[in-house]
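This briefing goes through one protein chain, from its overall build to selected residues. Please keep the sequence and the 3D view open while reading.

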Amino acid sequence: MELGMIGLGRMGANMSVRLLRAGHRVVGYDPRAESVQHLRDGGGLGAETLPQLSQQLSAPRAVWLMVPSGQPVDETIDALLPLLARNDVIIDGGNSYYRDSMRRAAKVAERGLHFLDVGTSGGIWGLTEGFSLMVGGKREVATRLSPILQALAPAPDRGWGYVGPSGAGHFVKMIHNGIEYGLMEAYAEGFELLRAKQQFHLDLPQIADIWRFGSVVRSWLLDLVARALHENPELEGIAAYVPDSGEGRWTLMEALELERPIPVIALSLDRRFRSRLENPFSDRLLAALRQQFGGHPVKHL
């Protein structure tokens, strides 16, 4: 099959390479000319403009978007609509909010086109390990594109699947990322305690390696913990500042709307917010209150 790929950042480029290796034809576009040239060097076809990309694809076309969530997705879809025809498919493989995907699917359908929202996990390791793909939209459209999905997944029969109507793919990916927040926080807190027990002189990389095999807490994330600690046991040069992609926030918003408790995910998101504060006002107020009611000393800057 053939696929148009818009957005040749690291994930988009890795996805293109997997498709090319599987014998699929890829036409790529990216605002950065060097990214387009890199695709050409790897055996793909490059486009300097979106019209060129559309012209190099045969109907019915399939165009996969790997662009930042929010306005860039809407702008790209608006630019594509006049270039595409009935039964063409637009696929959003980025981290879009699922309600936006539902809206975009309805808009695309008005033009006789199809829309798939594909929650995509795998990060920079997707090239070698394959991508986990959660597909939302019309089942028959997902079935039509199954050769593409199978080539991107870890194997044709695992790591990908049709999960429901428009919006479902990105909803499942949103919850996936919320769970990821909680798992990451649990590992971080556990290794913090191990490091604090200085009387045992614990070797954290060694412990991570022990847990990777046979342990009930083994996981790919733990594999990455071990890798990070072997490379930099004291994590020197890394600031205690943890960004978030927004999907943890969306997960919490959904939990509030559905009235379902998710304390671990909520607290892990709070912890990321806390990591970005230097000398938090709330902590200074706590110190000031203890001084006010008990005469306790405060530490001055």
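With which residue does glutamate 2 form a salt bridge? The partner is arginine 25, and the closest N and O atoms of the two are 2.6 Å apart. The model is predicted, and every value below was computed from it. The points that follow cover the chain as a whole, its salt bridges, the contact between its two domains, and two buried residues.

**The chain as a whole**

- The chain has 301 residues, and 42% of them count as buried.
- Its secondary structure consists of 14 helices and 8 strands.
- Taken along the principal axes, the box filled by the C-alpha atoms is roughly 75 × 40 × 35 Å.
- Of the contacts between residues at least 6 apart in sequence, 63% join residues at least 24 apart.
- Two domains are assigned: domain 1 covers 2-165 and domain 2 covers 174-278.

**Salt bridges**

- The structure holds 19 salt bridges, and the pair of glutamate 2 and arginine 25 is one of them.
- That pair links distant parts of the chain, since glutamate 2 sits in strand β1 (residues 2-6) and arginine 25 in strand β2 (residues 25-29), 23 residues apart.
- Glutamate 2 has a relative accessible area of 18%, so it is buried, the limit being under 20%.
- Arginine 25, at 32%, is partly exposed because this value lies between the 20% and 50% limits.
- A second salt bridge joins aspartate 92 to arginine 104, with 3.9 Å between the closest N and O atoms.
- This pair also links distant parts of the chain: aspartate 92 belongs to strand β5 (residues 89-92) and arginine 104 to helix α5 (residues 98-109), 12 residues apart.
- Both of these partners are buried: aspartate 92 has a relative accessible area of 0%, and arginine 104 has a relative accessibility of 2%.
- In a third salt bridge, the side chains of arginine 249 and aspartate 244 meet at 2.9 Å, N to O.
- Here arginine 249 counts as partly exposed at 38% relative accessibility, whereas aspartate 244 counts as buried at 17%.
- One network, joined by salt bridges that share partners, is made up of Asp74, Asp92, Asp100, Arg103 and Arg104.

**Between domain 1 and domain 2**

- The centres of domain 1 and domain 2, taken over C-alpha atoms, are separated by 30 Å.
- In the contact between them, 9 residues of domain 1 touch 11 residues of domain 2.
- The size of an interface is often given as the accessible area lost when the parts come together.
- For domain 1 and domain 2 the buried area is about 860 Å², and carbon and sulfur atoms give 57% of it.
- On the domain 1 side, Asn95, Tyr97 and Trp125 supply 56% of the area buried against domain 2, more than any other three residues.
- There are 2 salt bridges between the domains.
- Between the domains, 3 residue pairs are in polar contact, counting pairs with both residues at pLDDT 80 or more.
- The residues of domain 1 that touch domain 2 comprise 3 nonpolar, 5 polar and 1 charged.
- Glutamate 257 and arginine 99 meet through their side chains in a salt bridge of 2.9 Å, N to O.

**Serine 121**

- Serine 121 is part of strand β6 (residues 114-121).
- Is serine 121 buried or exposed? Its relative accessibility is 17%, so it counts as buried, being under 20%.
- The side chain of serine 121 makes a polar contact of 3.3 Å with the side chain of histidine 176.
- Beyond its neighbours within four places in sequence, serine 121 is in contact with Phe131, Ser132, Met134, Lys173 and His176.

**Isoleucine 207**

- Isoleucine 207 is found in helix α10 (residues 204-211).
- With 11% relative accessibility, isoleucine 207 counts as buried.
- Residues up to four places away in sequence aside, isoleucine 207 touches Leu194 and Leu202.
- Leucine 194 is 13 residues from isoleucine 207 along the chain, and their C-alpha atoms are separated by 9.3 Å.

Notes: Residues numbered from 1 in each chain as written. Predicted model: local features only at pLDDT ≥ 70, side-chain atom pairs only at ≥ 80, totals over all residues. Heavy atoms only, no water. Helix = DSSP H or I, 4+ residues; strand = E, 2+ residues; numbered from the N terminus. Buried < 20%, exposed > 50% of the residue type's maximum accessible area, 1.4 Å probe, protein only. Polar contact = N/O pair within 3.5 Å; in protein donor to acceptor, adjacent residues only side chain to side chain. Contact = heavy atoms within 4.5 Å. Domains from an automatic or database assignment. Buried area = accessible area lost by both parts, 1.4 Å probe. Salt bridge = Lys/Arg side-chain N within 4 Å of Asp/Glu carboxyl O. Nonpolar A, V, L, I, M, F, W, Y, C, P; charged D, E, K, R; others polar.
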